[in-house]
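Q: I've just pulled this one up on my screen and could use a guide. Could you walk me through it, with a close look at one part?

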Amino acid sequence: MEIKNAYIFGEEIKKDYWTPAEIRELSAAAAQKRKKIFSVQREYIVSCLSKTGRFFSDPKSPYLAAARKHLAETVTFSPQMTQETLNIIPSLLSKSEINKRMNLEMFFPYALDTAMERHGYDGLLRALPKGVVLHIGAGNVFLGILDSFLLGLVTKNVNIIKLSSSGSNFLNIFASALKEADDKKLIYDSFAILNWGGGKKELEKEIVSGCDAVFVWGGAEAVENYKKIAPVNVKVEGFGPKTSFGLIFESRFEKEGFEKIANKVVKDCSMWDQSACSNMHTLYIIGPKASAEKKALKLLKSLRPAFEAFQNKLPQGRLDRDEEAEITRHRQLAVCDKALKQAEFDSSFPTPHWTAIYEKSPAYRISPLNRVLYIKTAESLDELKKELMPYRGYLQTAGIEGNILEKKSVIENFFDLGLARFAALGNMLEGKTGSPHDGVFPMMSLVNWVSLEEKPKNEDRLIEIVRHAREKSRFYAGHYSGCGEVLDLNSFRALPFLEKRHVLENTPPESEALMTSKAKRGIYFASGGSTGQPKYVFYDQHEYEHTCRMLAYAYEAAGLGENDVIANLFVAGNLWSSWLSVEKAIAYTKAISVPTGSNLAMENLLKYMKDFSVTSIIGLPSFLIKLAEYVESAGEKLPIRRIFYGGEYVGDEMVAYFKKVFPKCEVKSAGYATADAGVIGFQCEHLSKGQHHLFAYSQHIEFVDPETGKPVKEGEIGELIVTSLNKKQMPIIRYRVGDLGRWILKPCSCGRKEPVSEILGRCDDRIHAGGAHIFVNDIQNAIGLVKDLSFNFRVIIEKPSHKDKLTIEAELKSDKSMSKSKDLEAQLRAALYEKCEDLKESVKMGWLDEPAIKFLPPNSIERIKRTGKIKVVVDKRIKL
């Protein structure tokens, strides 16, 4: 592979000489590239970088072979050290590492792709690239400038990389690999790499004037030079020369041993031949002078085998005569100091591979590099600080061997030394992902944060979510293929509904068509579904956190406060969302949680509630009733002030029973929610039963005629249709929840502006009663097993007392079969328990009495006059 020394926006060329006019032309071309790279999705950039990284882990890759050969000729590191550095590249560029880094360094990386809402901020935030970023690289370092380029690329900047003429052209090899990885050819022409010899002021001034930001990696002189010549509007970030040190608290030698500590010290001193800012120059042992000196001399002896082992694994690189002479000078000074009984030393003489010098003077020493280490002692951190203070501003990393309290004391004592990092000894060169560099997050310096200082209207958010779903989801692209562009509420209402079967057929494991991208960093839940056929829904981590915070708001709006202890009695496991989501939501409130669940024996559950003085409970009404019955039968008196219910309807009779058992309790909805769409509504202290305030900024609801799908008049009863305004990973748009409801047209007494709706029962094929989720299809399948019954039936749900009552009315095929009604009832009941496991379990648990069964003559069930259809589910629990 021929390696060129310049890469100009996709073109690989050989060019050693540049004129100011050519640099002006280059800057103008860079400015023209800004729009294209700005439009590329962050995820694609990360994917290309990850693919490029894999080229450098593939033994057959021509790029890896070319890099090894070229670096052996151009950098002074040994081949082993070079390979160790190349080994870092695949992990540095992996998707998981880049995404983790962006999350930690930018806090809000999604804003690189679009203006985003942020929790607690009344507006939108957008991260815009600086524009054209110039990166100035140092001579012998190739990983540092690669990392700088990576930061510029993921933040969607146009990048110009100016390399040292005396350094390697590794970045040109990398550029060729990236060009191949860029399948869609979206980013390969967004950057340029060039070099020229130092000291060409006219070129430096010209290139800086055409940039929007400059990153300088190198010596202090280079950093200061670019800061002087940069225009006022161009920010220069200098990552100049720094020195680092280690310190060991004396007690650690007994705990860790000299050999282990010596290995850590040698690693921090020797990696990259001490050329990194985070390499150790001087090591201090903290303790009383006499004992610390003894340990320093003992450590000096332990360093020899550690240095030799490191040399065998990662040999020292090539040294020039000046470097060898500088090492010799330091050794000779150590010989003189030893004669004066002021020092001890050891080295690899006659080779220059390593040198370790103990000096009695506590004065800080800058190493000549190439594995020359100074060892000193200090009686306290205060004494050490005095020695370090003259180097304030030039200190980067402190490597600490101590317990956590000692490490924290170093940070507190050295707060004003200008240190950028505190690391464990042995890890001084292993920067943790998400750590700042020299006191800043470089990625943040490559973007401008802008705000839209208003919350978008719901109509705008509907338009946006529909466009997002159409562009990113295969299901919605097809579902809306015959629809025009959504530009307002009228065109939005023309979109077809999202049915339960759509969710079932287009979500994992059958399909991911409903999703807008591959599932990552989130959580799956099961949503309803008949036996063996649940729907699965997905929330990414931000959507799920938002949902749990909404639930927390719902609880507090209904009265939960800092004096409450609440027992979470929902059912845990089985991919159900309720227990887990409620538990996370409670953590966002001021209350204390007692996360018992509902699978305990009643006596154990009651014991926990008494032990922790529980004042509030939350769960399914069917289980809460069972608990109340147990408490009543046991003659217990519990100080329950609040009961929060969810998942089923609660009527007047149930509320009256709760108040009978817990006389001081308020009964409130835990929030109107579905696993598919999230939290839709909440109750304030003035609302009850099915009435809820709408989470208007997160959900959009409509009420439509179940038969025609047309909007009903405000205040009239209709089927509830919900659109989640926050769910973008698996959008829920115009979803038929299956509930009947209406708008309450008068304002709420609480004074909140959020509109109020009232949920009045089910209108679809799923029945919630007595803890059971029963599907009409399952009942129909059970009826099909009894040959004397027709498929004309209906299910009536009532609440004559504090428990739900289920009645199944089924038409006979013939009047003659009425004489066999007892036998038919036994057959149907057995078939129901076979097909409806939830029903069978609820009856077994005592949450629901056995359903009543009535057989009727053919054609005797009431039909809807307009359509001739039977209203299969009649819910009489909620009375208007």
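What share of the contacts in the protein with a separation of 6 or more comes from residues 24 or more positions apart? And for the close look, take the ring pair of F623 and W847: where do its two members lie?

A: Sure. Keep in mind that this is a predicted model. For your first question, 70% of the contacts with a separation of 6 or more are between residues 24 or more positions apart. The protein has 880 residues, and 53% of them are buried. They are arranged with 29 helices and 37 strands, and the C-alpha trace spans about 115 × 65 × 55 Å along its principal axes.

Now to the rings. The structure holds 28 aromatic pairs. One of them joins F475 and Y476: the ring centres are 5.1 Å apart and the planes meet at 70 degrees, so this pair counts as edge-to-face. Both F475 and Y476 are buried.

The pair you asked about, F623 and W847, has its ring centres 6.1 Å apart, with the planes at 85 degrees, so it is edge-to-face. As for where they sit, F623 belongs to helix 25 (residues 621–634), while W847 is in the loop between helix 29 (837–845) and strand 36 (852–856), so the pair ties together parts that are 224 residues apart in sequence. What about burial? Anything under 20% relative accessible area counts as buried. F623 comes in at 4%, so F623 is buried, and W847, at 13%, is buried as well.

While you're hunting for rings, there's a cluster to click through: Y7, F56, F142, F149, F170, F174 and F191 are linked by ring pairs. Rings also turn up under charges. The charged end of R461 sits over the ring of Y697, 4.1 Å from the ring's centre, and R549 does likewise with Y588, where its charged end is 4.2 Å from the ring centre.

On charge overall, the protein carries 123 positive and 112 negative side chains, and the centres of the two sets lie 1 Å apart. The accessible surface adds up to about 38,900 Å², with 52% of that belonging to carbon and sulfur atoms.

A few other spots let you follow contacts along the chain. K668 is a good place to start, in strand 24 (residues 666–669). With a relative accessible area of 5%, K668 is buried. Leaving out residues up to four places away in sequence, K668 touches A558, I643, F644, Y645, Q683, C684, E685, H686 and L687. If you want a long ruler to draw, try K668 to E324: these two are 344 residues apart in sequence and 80 Å apart in space, C-alpha to C-alpha.

Next, look at I774, which lies in strand 33 (residues 772–775). I774 is buried too, at 1% relative accessibility. The C-alpha atoms of I774 and L839 are separated by 6.6 Å, with their positions 65 residues apart along the chain.

Last stop: N99, in helix 7 (residues 95–106). N99 has a relative accessible area of 13%, so N99 counts as buried. Apart from residues up to four places away in sequence, N99 touches R42, V46 and R521.

Terms used:
Residues are numbered from 1 along each chain as its sequence is written. Side-chain values use heavy atoms; hydrogens and water are left out. Rings of Phe, Tyr and Trp (its six-membered ring) pair if their centres lie within 6.5 Å; planes under 30 degrees apart count as stacked, over 60 as edge-to-face and the rest as tilted. Buried means under 20% relative accessible area, exposed over 50%, partly exposed in between (1.4 Å probe, protein chains only). Helices (H or I, at least four residues) and strands (E, at least two) are DSSP runs, numbered from the N terminus. A charge sits over a ring if NZ of Lys or CZ of Arg is within 6 Å of the ring centre and within 35 degrees of the ring normal. Contact means heavy atoms within 4.5 Å. Accessible areas come from the Shrake-Rupley method with a 1.4 Å probe; for residues, only the protein chains shown count as cover. Lys and Arg count as positive and Asp and Glu as negative; His and the chain ends are not counted. The place of a charge is taken as NZ of Lys, CZ of Arg, CG of Asp or CD of Glu.
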